[in-house]
Amino acid sequence: MRKYAGTTARPGPALAALAAAQFTVMLATSIVNVALPQIRAGVGLSDSGTTWVVNAYGLAFGALLLAGGRAADLLGPRRVLLAGLGLFGVASLAAGLSTTPEALIAARAVQGLGAAAIAPSALALVMLLFPPGPARGRALGVWGAVSGAGGAAGVLLGGVLTQAWGWPWIFHAVAIGAFLVLVLTAIRVPRAASATERGRFDLPGTATVSLALTALVWGLTTARSSGWADPQVTGSFVLAAALLAAFVLVERRHPHPLLPPRLFTTGRVAAGNLLMALLGSVWIALFFFLPLYQQHVLGSSPLVTGLGQLPLAGANMLGSALAPRISRRIGAPATVTAALLTEAAGMLWLSRISADGSYLAGVLGPSVLIGLGLSIAFVQLTSLSLDAVRREDAGLAGGLVNTTRQVGGAIGLAVLATLAGSVTARAATHQPHLDALTAGYRLAFALSAAVLTATALLALLLARRGRTVDRAAANRAAALTRTP
């Protein structure tokens, strides 16, 4: 038995419930990808409507994460988590029962709203239940395992359920999972673990930053189909910039700002979120392009495509389990750098795929490297983003790191999809269709490798700067103690 947050209980079952909540959120992100052709035919979606089955969820999720994190701090993360799970489950059930495009897209947006409450509040509870040290390291290892495995499992379950019972069951299964997790959370996560902060909700700041993120993510997702020069795309970017400027002005004057300056006093939170945004820019794109290559070029069925994600998911779980041990042995900066370079090597290997290749020769080996590197980097960067954060800011810090990953993913996917599409279009004028498609995918993976390599170098630079700042602070503290 171990005491935490004013109660005596075993933390293992509580961690299992919280990890299951995070798994459900990540599952819903990728489970629709394989089933999009069947969803389009079943509901009568247009090309743009099919895209918004994915975008509606990501847009609401990314735009409202900060609001969800702050709500967790003010209302209590356990309460917000239970409400988010209930909303998420109802929206998932509604999505599976949808018969019109409008109903399905609206249900996916409400799913994203529920996910924006679940992700930061569950991570805040992990921080409250596990103090800094080896216990938190192990807990974040579990968190990293389920986060990465959720994305891969979404592709697998999407293929299995679509082929066996039809596309509505991908949403029904998520709904059943959400309701089960809700019951498990209510039973296993103690009420006393949910600390709250006294203060007022920063409604003007929440509104401006949520609208800014909505405009930014909408512009990025629209740019994939309409192009970067489209007036609606450029207009959304201008609106996002104006709203972000307004957010800064509001935060300076509000007595209880949404992003209090104390959150960034050590510099580690800012560094962790910057690196997480860069990691996210290739993370989401990976689960977009890899299933497309397997289905459109290799000709795999949805089921086989899903099964092909198992090695990546297994490597992800292994890397998450090893991350705390590796970090204790060689240090966090070296661990992050090595993990990012390992993932970059896997992406570079993946950029050698061909139209006449095979899963065993071109996908299996890179998937293992990518899974190991991605999971270890995710665990370490999550820990860095939460380092030295006050208990009353746990939900906000969890919302912030999820926001940077989600927004970074939207930016990365929009840029990579646009560039890959342009390469495919040019290649299609003188190459067979499958060769042209493969050329676009190769470029996306090669650019992902370049981004990861640059992120590894930036991690080294930030770690060196952080050590210099820590030494200077220690010297100042020592000088103050010697002063009579």
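Burial classes here follow relative accessible area: buried means under 20%, exposed means over 50%, and partly exposed is in between, with a 1.4 Å probe and protein chains only. The model is predicted, so local features need pLDDT of at least 70 and side-chain atom pairs count only at pLDDT 80 or more, while totals for chains, interfaces and linings use all residues. Residues are numbered from 1 along each chain as its sequence is written, and side-chain values use heavy atoms, with hydrogens and water left out.

**Stop 1: Leu216 and helix α8**

Select Leu216, which sits in helix α8. Helices are DSSP runs (H or I, at least four residues), as are strands (E, at least two), and both are numbered from the N terminus. With a relative accessible area of 22%, Leu216 is partly exposed. Contact means heavy atoms within 4.5 Å. Neighbours within four places in sequence aside, Leu216 is in contact with Phe237, Ala240 and Val407. Draw a C-alpha to C-alpha distance from Leu216 to Val407: the value is 8.5 Å, for a separation of 191 residues in sequence.

Stay on α8, which covers residues 203-226, and pick Thr206. Thr206 counts as buried because its relative accessibility is 6%. The C-alpha atoms of Thr206 and Leu66 are separated by 7.6 Å, with these positions 140 residues apart along the chain. Contacts of Thr206, leaving aside neighbours within four places in sequence, are Ala67, Phe201 and Leu258.

Next select Asp202, in the loop between α7 (168-188) and α8. Asp202 is at 1% relative accessibility and therefore counts as buried. Show its surroundings: Val250, Glu251, His254, His256, Pro257 and Leu258 are in contact with Asp202, once neighbours within four places in sequence are left aside. From Asp202 to Leu259, 57 residues apart along the chain, the C-alpha separation is 9.3 Å.

**Stop 2: the nonpolar core and α10**

A nonpolar core is a set of buried Ala, Val, Leu, Ile, Met, Phe, Trp, Tyr and Cys residues joined through side-chain atoms within 4.5 Å. The largest one has 115 residues, and those touching the most other members are Leu18, Ile39, Leu279, Leu286, Phe289 and Phe445. Helix α5 (residues 101-129) supplies the largest share of this core, 14 residues.

Centre on Leu279. Its contacts, without neighbours within four places in sequence, are Leu340, Glu343, Leu374, Ala377, Phe378, Leu381 and Leu452.

Now display helix α10, residues 268-297. The expected span of a helix is 1.5 Å times one less than its number of residues. For the 30 residues of α10 this gives 44 Å, and the end C-alpha atoms are 43 Å apart, which agrees. Of those 30 residues, 21 are buried, so α10 is largely enclosed by the rest of the structure. α10 bends by about 30° at Leu286; the bend is the angle between axes fitted to the seven residues ending at a residue and the seven starting there. Just after α10, Gly299 has a positive phi of about 80°.

**Stop 3: helix α12**

Move to α12, residues 310-330, and select Asn316. Asn316 is at 0% relative accessibility, so it counts as buried. Residues up to four places away in sequence not counted, Asn316 touches Gly144, Ala145, Gly148, Ala149, Gly371, Leu374 and Ser375. Other buried residues of α12 include Leu312, Ala313, Gly319, Ser320 and Ser327.

Look along the helix at Ala323, where there is a kink of about 40°, shortly before the proline Pro324. The 21 residues of α12 should span 30 Å, and the end C-alpha atoms are 29 Å apart, which agrees. Gly331, just after α12, takes a positive phi of about 95°.

**Stop 4: the cavity**

A cavity is a set of points, on a 1 Å grid over the protein atoms alone, where a 1.4 Å probe fits but cannot get out; lining residues have an atom within 4 Å of a point. Grid points are joined across faces, edges and corners, and a volume is the space filled by probe spheres set on the points. How many cavities of 30 Å³ or more does the structure hold? There is 1, and the largest cavity has about 50 Å³ of space.

Select its lining: Gln22, Leu123, Trp143, Met276, Phe378, Thr382, Val401, Asn402 and Arg405. The elements giving two or more residues to this lining are α15 (364-385) and α16 (394-427). α16 gives the most, with 3 residues.

Methods
1 Å grid on protein atoms, 1.4 Å probe; cavity = no way out; pocket = protein on both sides within 12 Å on 5 of 7 lines; lining within 4 Å.
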